[in-house]
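Okay, thanks for coming, everyone. I'll put the structure up on the screen, and then we'll walk through it piece by piece.

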Amino acid sequence: MYMHRETIERLKKIRQSYKNEIAGNIILNKKGLIDKISVNVGKQHSSTLENTCIICYHTHPDHVFSSPPSSTDLIQSYKKKTIHVVLAREGIYVYKLMRETPKGKELLKNKNKCDMFNDTLRNIVVGDSKEGVKKYMKTVYDSLGIKILYFPWSNNEIMLNF
Ligand SMILES: [Zn+2]
């Protein structure tokens, strides 16, 4: 799957246009352009995902530093085994479940443990360190079986190869 530069620009504008978190679905055509996009406006830090989605997305509207997907965001891919996208200040995070793990299943069932794991992830990504983001991605893949791709907003195109 592929995202055209025009799509990247449009997603960037959509994120900037809403103060609150928004979520919805994106349907891309073969040229990597948006065929359809739905926008659901949520409260400041929550939004509802629709039941059916080609690409499920939501925004992280107001973070000062890197804000990759939280453990709650990630565990959504155990429920909806599609491609998920987070539109953050620094760029686009795309993630997909590759294999279920015991840890992932545990976090899915237990909200407290999910929140605790989020603290672990936040301690890895401190400030804007690129090394931190890399380590975060490796930790997520090893423990939850979820592969994350990251693209800064400056990318001319995005290849979604999982
Ligand atoms: Zn999120």
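So, this is a predicted model, and please keep that in mind throughout. I want to start with one residue, Tyr136, which you'll find in helix H5, residues 130–144. Is Tyr136 buried or exposed? It's buried, because there are 23 other C-beta atoms within 10 Å of it, and the cut-off for calling a residue buried is 20 or more. And what does Tyr136 touch, once you set aside the neighbours within four places in sequence? The answer is Pro68, Leu121, Ile124 and Val125. Take Pro68: it's 68 residues away from Tyr136 in sequence, yet C-alpha to C-alpha the two are 8.7 Å apart.

Okay, let me zoom out. In total we've got five helices and nine strands. If you read along the chain, the order goes β-α-β-β-β-β-α-β-β-α-α-α-β-β. For the overall dimensions, the C-alpha atoms fill a box of roughly 40 × 30 × 30 Å along the principal axes. The radius of gyration is 15 Å, and that agrees with a compact globule, because one of 162 residues would come out near 15 Å. Of those 162 residues, 31% count as buried. As for contacts, if you take pairs at least 6 apart in sequence, 66% of them join residues at least 24 apart.

Now the strands, and here I'd like to focus on S2, residues 22–28. S2 is mostly covered, with five of its seven residues buried. Which strands does S2 pair with? I'll take them one at a time.

With S3, residues 34–37, there are three bridges, and the two strands run antiparallel. Ile26 has Ile37 in S3 as its bridge partner. S2 and S3 make a hairpin with five residues between them, and if you look in the turn, Gly32 has a positive phi of about 85°.

With S4, residues 40–41, S2 has two bridges, again antiparallel. Ile22 is the one standing opposite Val41 there.

And then S5, residues 55–59, is joined to S2 by four bridges, antiparallel as well. In that pairing, Ala23 is matched with His58 in S5.

Right, on to helix packing, with H2 in the middle of the story. H2 is residues 71–79, and it packs on H4, residues 111–124, at an angle of about 120° with the axes 9 Å apart. That makes the two helices oblique, because the roughly perpendicular range is 65 to 115 degrees. From the H2 side you have Ser71, Thr72 and Ile75, and they meet Cys114, Phe117, Asn118 and Leu121 of H4. Sorted by class, that contact has four nonpolar residues, three polar and no charged ones. You've already met Leu121, by the way, as one of the contacts of Tyr136.

H2 also packs against H3, residues 102–109, where the axes come within 10 Å and cross at roughly 110°. So this time the helices are roughly perpendicular to each other. The residues involved are Ser71, Ile75 and Tyr78 from H2, meeting Gly104, Leu107 and Leu108 from H3. That contact splits into four nonpolar, two polar and no charged residues. Notice that Ser71 and Ile75 show up here, and they were in the H4 contact too.

That's my tour. Happy to rotate the view to anything you'd like to see again.

How values were computed:
Residues are numbered from 1 along each chain as its sequence is written. This is a predicted model: local features need pLDDT of at least 70, side-chain atom pairs count only at pLDDT 80 or more; totals for chains, interfaces and linings use all residues. Axes are lines fitted to C-alpha atoms, for helices over the stretch in contact, and angles run from 0 to 180 degrees between N-to-C directions. Angles under 35 degrees count as roughly parallel, over 145 as roughly antiparallel, 65 to 115 as roughly perpendicular and the rest as oblique. Two residues are in contact if their C-beta atoms, placed from the backbone, lie within 7 Å. Ala, Val, Leu, Ile, Met, Phe, Trp, Tyr, Cys and Pro count as nonpolar, Asp, Glu, Lys and Arg as charged, and the others, Gly among them, as polar. A residue is buried if 20 or more other C-beta atoms lie within 10 Å of its own, exposed if 12 or fewer, and partly exposed in between; C-beta atoms are placed from the backbone. Two strands pair if DSSP finds at least two bridges between them. The radius of gyration is taken over C-alpha atoms; the globule rule is 2.2 Å times the number of residues to the power 0.38.
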